[in-house]
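Welcome! Here is a short guided tour of a protein model, written for someone meeting it for the first time. Have a look at the picture, then read on topic by topic.

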Amino acid sequence: CTVFPGYLNGGKNMKLGFLRLIAAASMCLGMAQASTVYGGPSAATLFFTPAPGAVPEVIAAINGAKTSIHMFMYNLTEPTAIDALIAAHNRGVDVKVILDLQNATREKPTGAFHRLTEANVTVLKSSSAFALSHVKTFVVEGSTAYIMSINLTKISDRVRDAAYVTLNPSTIRFVEDLFTLDIKNAAD
């Protein structure tokens with residue numbers, strides 16, 4: 001299956017929302033995985049919030065990374081997640097983060113952007129070409145993609161969200177291509 005080359009046009013030409021892309025990607029992957037998305041011997045898993053404190057599956061993925069974490073996060077306020085990203089960087093992991101900060105009043109001086117910048121983590125504000133960058137996804141080691149409705153915030157213990165974790169190379173390539181494009185968009 002070809003993974004949506006037309007959707008990767010950056011800037012104002014991106015017509016479909018990220019969730020619609022995920023739905024289309026799910027159709028591309030086929031229904032065979034649907035019966036095993038809850039875990040077991042498959043290449044995909046699904047987890048939900050509410051979760052106790054920081055989302056443990058996300059923190060475990062960050063803590064287990066050895067080479068790379070590429071994250072695009074709409075809202076990142078959970079101190080445990082920020083600390084885990086900084087710790088990963090400090091142990092030599094290539095950590096790159098894009099945050100939706102077009103509304104500068106949302107970011108506090110003690111917020112994720114400032115903390116990650118101070119720790120020398122590569123962190124960018126999302127492209128001003130978009131009114132909102134509502135993406136919540138990351139790829140670990142270039143081999144596992146987390147596609148989420150979950151914001152890494154202090155309220156994950158009280159909200160219903162979900163995450164789809166896949167080892168599918170086409171999906172991972174799509175998420176990485178989108179991340180690479182949005183790194184370029186953020187620099188423009």
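A residue is called buried when its relative accessible area is under 20%, exposed when that value is over 50%, and partly exposed in between. By that yardstick, buried residues make up 49% of the 188 residues in the protein chain. Please keep in mind that this is a predicted model.

**Overall layout**

- The protein chain has five helices and seven strands.
- Reading from the N terminus, you meet these elements in the order α-β-α-β-α-β-α-β-β-β-β-α.
- Take the contacts between residues at least 6 apart in sequence: 72% of them join residues at least 24 apart.
- The accessible surface of the chain is about 9,300 Å², and carbon and sulfur atoms account for 58% of this surface.

**The nonpolar cores**

- In soluble globular proteins, nonpolar side chains tend to be buried together.
- The largest nonpolar core here has 37 residues, and Ile 69 and Leu 76 are the ones that touch the most other members.
- Several elements give two or more residues to this core: helix 2 (56-64), strand 2, helix 3, strand 3 (94-99), helix 4 (112-118), strand 5 (136-140), strand 6 (144-148) and strand 7 (161-166).
- Helix 3 provides the largest share of this core, with six residues.
- Which residues does Leu 76 touch, if we do not count those up to four places away in sequence? They are Ala 81, Ile 82, Leu 85, Leu 99, Ala 112, Leu 116 and Leu 152.
- Another core, of eight residues, lies apart from the largest one, and its members include Ala 44, Val 139, Ala 145 and Tyr 164.

**Charged pairs**

- Side chains of opposite charge can pair when their charged atoms come close.
- How many salt bridges does a search of the whole structure find? It finds two.
- One salt bridge joins Asp 83 and Arg 115, whose closest N and O atoms are 2.4 Å apart.
- Because Asp 83 sits in helix 3 and Arg 115 in helix 4, this pair ties together parts that are 32 residues apart in sequence.
- Asp 83 is partly exposed, at a relative accessible area of 39%, and Arg 115 also counts as partly exposed, at 27%.
- In another salt bridge, the side chains of Lys 96 and Asp 94 meet at 3.0 Å, N to O.
- Lys 96 has 26% relative accessibility, so it counts as partly exposed.
- Asp 94 is partly exposed too, with a relative accessible area of 30%.

**A buried charge without a partner**

- Where is Glu 78? You can find Glu 78 in the loop between strand 2 (68-73) and helix 3 (79-90).
- Glu 78 is buried, yet it has no salt bridge.
- The nearest side chain of opposite charge belongs to Lys 154 and is 7.5 Å away from Glu 78, whereas a salt bridge needs the side-chain nitrogen and the carboxyl oxygen to be within 4 Å.
- Glu 78 does have a polar contact: its side chain is joined to that of Thr 80 at 3.0 Å.

**A loop residue to look up**

- Ser 156 belongs to the loop between strand 6 and strand 7.
- Is Ser 156 buried or exposed? Its relative accessibility is 2%, so Ser 156 counts as buried.
- Ser 156 and Ala 51 are 105 residues apart in sequence, but their C-alpha atoms are 6.0 Å apart in space.

Methods
Residues numbered from 1 in each chain as written. Predicted model: local features only at pLDDT ≥ 70, side-chain atom pairs only at ≥ 80, totals over all residues. Heavy atoms only, no water. Helix = DSSP H or I, 4+ residues; strand = E, 2+ residues; numbered from the N terminus. Buried < 20%, exposed > 50% of the residue type's maximum accessible area, 1.4 Å probe, protein only. Lys, Arg positive; Asp, Glu negative; His and termini not counted. Polar contact = N/O pair within 3.5 Å; in protein donor to acceptor, adjacent residues only side chain to side chain. Contact = heavy atoms within 4.5 Å. Areas by Shrake-Rupley, 256 points an atom, 1.4 Å probe, with all protein chains shown as cover. Core = buried A, V, L, I, M, F, W, Y, C linked by side-chain atoms within 4.5 Å.
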